[in-house]
Every structure is written in C-alpha cells, then in structure tokens.
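Thanks for coming, everyone. I would like to walk you through one structure today, a piece at a time, and I will explain each term when I come to it.

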Amino acid sequence: MHTLEARNLVKTFTISERQRRAQDLSERKKIAVNDISFTAHSGEVFGLLGPNGAGKTTTMRMLATLIRPDSGEVFYDGVNIKENPLKAKASFAFLTTDLQLDKKSNANDMFDYFAGLYHVPKDKAEQRKKELFETFGIESFADTKISKLSQGMRQKVSIAISVIHDPDFLIFDEPTNGLDIIASRDVRDFILKMKQEGKCIILSTHLFDLVEKICDRAAMIVNGKIVVNDTLQNLTNGRSLEDSFYDIYTEYSKK
Ligand SMILES: Nc1ncnc2c1ncn2[C@@H]1O[C@H](COP(=O)(O)OP(=O)(O)O)[C@@H](O)[C@H]1O
Ligand SMILES: [Mg+2]
C-alpha cells in the first residue's frame, strides 16, 4: 500500500512590482497555498479540484519536489521527501501542462533521452516504450517532429515519458487540458489503468466532469485552502458534483 501525504503545506509568493501594476494588486505577497493537508492511497485516484488560481499547480509542484514549501511536509510511504529528494523523485511521475517537449525532436528520441536520464536499463526501456507507445497509439507518429504533432498527441507523448521509470506515484496537473474528447478519453483510460495497477494517482483539474468520471475521492481547493475532502459518493450523494460544490462554495464564501 502506497501513500502520499501533504501535511500543512504553505507557499507564499512575492509579487513583483511589474506584476502588481499589471494586475492592479495592492498586496506584495500572495499566499498561493494556505495550510493544505490530505493523503492519497495506492489504487485510487485523488482529485484536487478548484478554479483557476486556487493553488492546484503550486500544491502539485510541492508534492513533486519541484518547489519547496515555506512550511509543511510531504511524506511518501511515511518517508519525508526532504530525507532523500532524489529517491522521492524517482518514485514520482510529474505531468504539467507547461512540460516542454523539444519541438525539433520526436517521440522516439525523447523517450530514449528520458529513459537514459532515469537510468532505465536499455532492454527494459525498449519494452516500456513498446507498451506505452501501443497504449497511446504513438507508434504511428513516433518519428514525426514534435512541432508537427497536435496538442493531444503531444500530451500523450508527455504522459508516456512521465511514467518511463514505472513510478508508484502519479502527480498529474490538469492532464486533459486542451485535449479533444478522444484524446481526453485515452488519457482517462490510461489513468484508470494505472489505478488498476495499484499506482497512487493525484490529479488536479478545474473540470468537474473529469473528477466525476475517474476520481474515488476529491478535495476542493479555493483560495489556497481545502474546503472539503471526501469520497465522490459522499460528495455527490446522487446529485451532480457541480451542484454539490456550488453549494459548498457558497456556504464557504459566507464565512
Ligand atoms: N511563481 C509565482 N509567482 C507569483 N505568484 C504565483 C506564482 N505561481 C503561482 N502564483 C499565484 O499563486 C496562486 C495560485 O496559483 P496556481 O497554483 O498556479 O493555481 P491553479 O493551478 O489552481 O490555477 C495564483 O494567484 C497565482 O497567480
Ligand atoms: Mg494550474
């Protein structure tokens, strides 16, 4: 059983003078994540749902060891990621919308490059490539320049690359953003397959629909705080998730 736990995470950004003027902000600091705690388990998909600017990406980046929290801790299988960040990183897949693929390269070469970075032995990497390319139907465009691929194709390549090292934890930030219905369906199916394989999956999204379709549990995050965290069944209780969250949000805003 794997667990990934966020414990009292806080992250504040200093807002630059230019940004303040552009966005007409008076504050010098923005509390992006304000005391967030939750635990996700293997064999489940945990959703972080929230509007734009809620603090989802910042939370995901702290989980993935890409940025350091001001305070709070992240534990995977009970081990603090601070103890051995490299080992933690080797257990994580991190997917984000601004993951940059080398536009002049192609899926084949990118895959080999990242397999090398993650020290995946050559025969294992080949086998993994075959499996993942088949899952995502990448073979047909594996040698096509990234710059010539659609957004959906690029996202599939990004996902395949993110799990090259067969990690136990999948941290997927807005995995279906900008994808058409076919590509998002493929991505959804892949996430469910990973769940079946016992991976621990945390995904962030602003799409109720995605959470409703694949999450077992979800937390709603508003202004850097979790306002509710429960099983999908309890959250919806026979209603649409959007309706339930609308009520929770309205109730929360009154406080
Ligand atoms: N590097 C940064 N510098 C300043 N502000 C930031 C930075 N990253 C995020 N923010 C701010 O923190 C808040 C949360 O952002 P983010 O985590 O990206 O939200 P989400 O992913 O939910 O849309 C937003 O107000 C955003 O503008
Ligand atoms: Mg985001």
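**A walk through the model**

I will start with a strand that is covered on both faces: in strand 8, Cys 200, Ile 202 and Ser 204 on one side are buried, and so are Ile 201, Leu 203 and Thr 205 on the other. By buried I mean that 20 or more other C-beta atoms lie within 10 Å of the residue's own, while exposed means 12 or fewer and partly exposed is in between, with C-beta atoms placed from the backbone. Helices (H or I, at least four residues) and strands (E, at least two) are DSSP runs, numbered from the N terminus.

Before going further, please keep in mind that this is a predicted model, in which local features need pLDDT of at least 70 and side-chain atom pairs count only at pLDDT 80 or more, whereas totals for chains, interfaces and linings use all residues. Residues are numbered from 1 along each chain as its sequence is written, and chains are lettered from A and ligands numbered from 1 in the order in which they are written.

Strand 8 covers residues 200–205, and 6 of its 6 residues are buried. As a reminder, in a regular strand the side chains alternate between the two faces of the sheet. Which strands pair with strand 8? Strand 3 (residues 44–49) runs parallel to strand 8 and is joined to it by 6 bridges, and strand 7 (residues 169–173) also pairs with strand 8 in the parallel sense, over 5 bridges. Pairing here requires that DSSP finds at least two bridges between the two strands. On the strand 3 pairing, Leu 48 stands opposite Ser 204, and on the strand 7 pairing, Ile 171 has Ile 202 as its bridge partner.

Strand 7 and strand 8 also belong to a right-handed β-α-β unit, together with helix 7 (residues 181–196). Right-handed means that, with the strands pointing away from the viewer, the path from the first strand over the helix to the second runs clockwise.

Within strand 7, Phe 172 deserves a moment: it is buried, with 24 other C-beta atoms within 10 Å. Not counting residues up to four places away in sequence, Phe 172 touches Leu 95, Ile 201 and Leu 203, where contact means C-beta atoms, placed from the backbone, within 7 Å. Phe 172 and Phe 94 lie 78 residues apart in sequence, yet their C-alpha atoms are 5.9 Å apart in space. In the loop between strand 7 and helix 7 we find Asn 177, which is partly exposed, with 16 other C-beta atoms within 10 Å. Asn 177 is 80 residues from Thr 97 in sequence and 7.3 Å from it in space, C-alpha to C-alpha.

Let me turn to the ligand. Which residues surround ligand 1? They are Phe 13, Ile 15, Lys 30, Ala 32, Gly 50, Asn 52, Gly 53, Ala 54, Gly 55, Lys 56, Thr 57 and Thr 58, a residue being counted if its C-beta atom, placed from the backbone, lies within 6 Å of the molecule. Strand 2 (29–41) and helix 2 (56–63) are the elements that give two or more residues to this shell, and helix 2 gives the most, with 3 residues. The shell divides into 4 nonpolar, 6 polar and 2 charged residues, with Ala, Val, Leu, Ile, Met, Phe, Trp, Tyr, Cys and Pro counted as nonpolar, Asp, Glu, Lys and Arg as charged, and the others, Gly among them, as polar.

In helix 2 itself, 8 of its 8 residues are buried. Just after helix 2, Thr 65 takes a positive phi of about 65°, and Thr 65 sits in the loop that leads to strand 4 (71–76). Most residues other than glycine have a negative phi, and most peptide bonds are trans. Asn 223, in the loop between strand 9 (217–222) and strand 10 (225–231), likewise has a positive phi, of about 50°.

Finally, helix 6 (residues 151–162) has 9 of its 12 residues buried, so it is largely enclosed by the rest of the structure. Its buried residues pack against strand 6 (92–95), helix 4 (107–117), helix 5 (122–136) and helix 7.

Notes
Contact = placed C-beta atoms within 7 Å.
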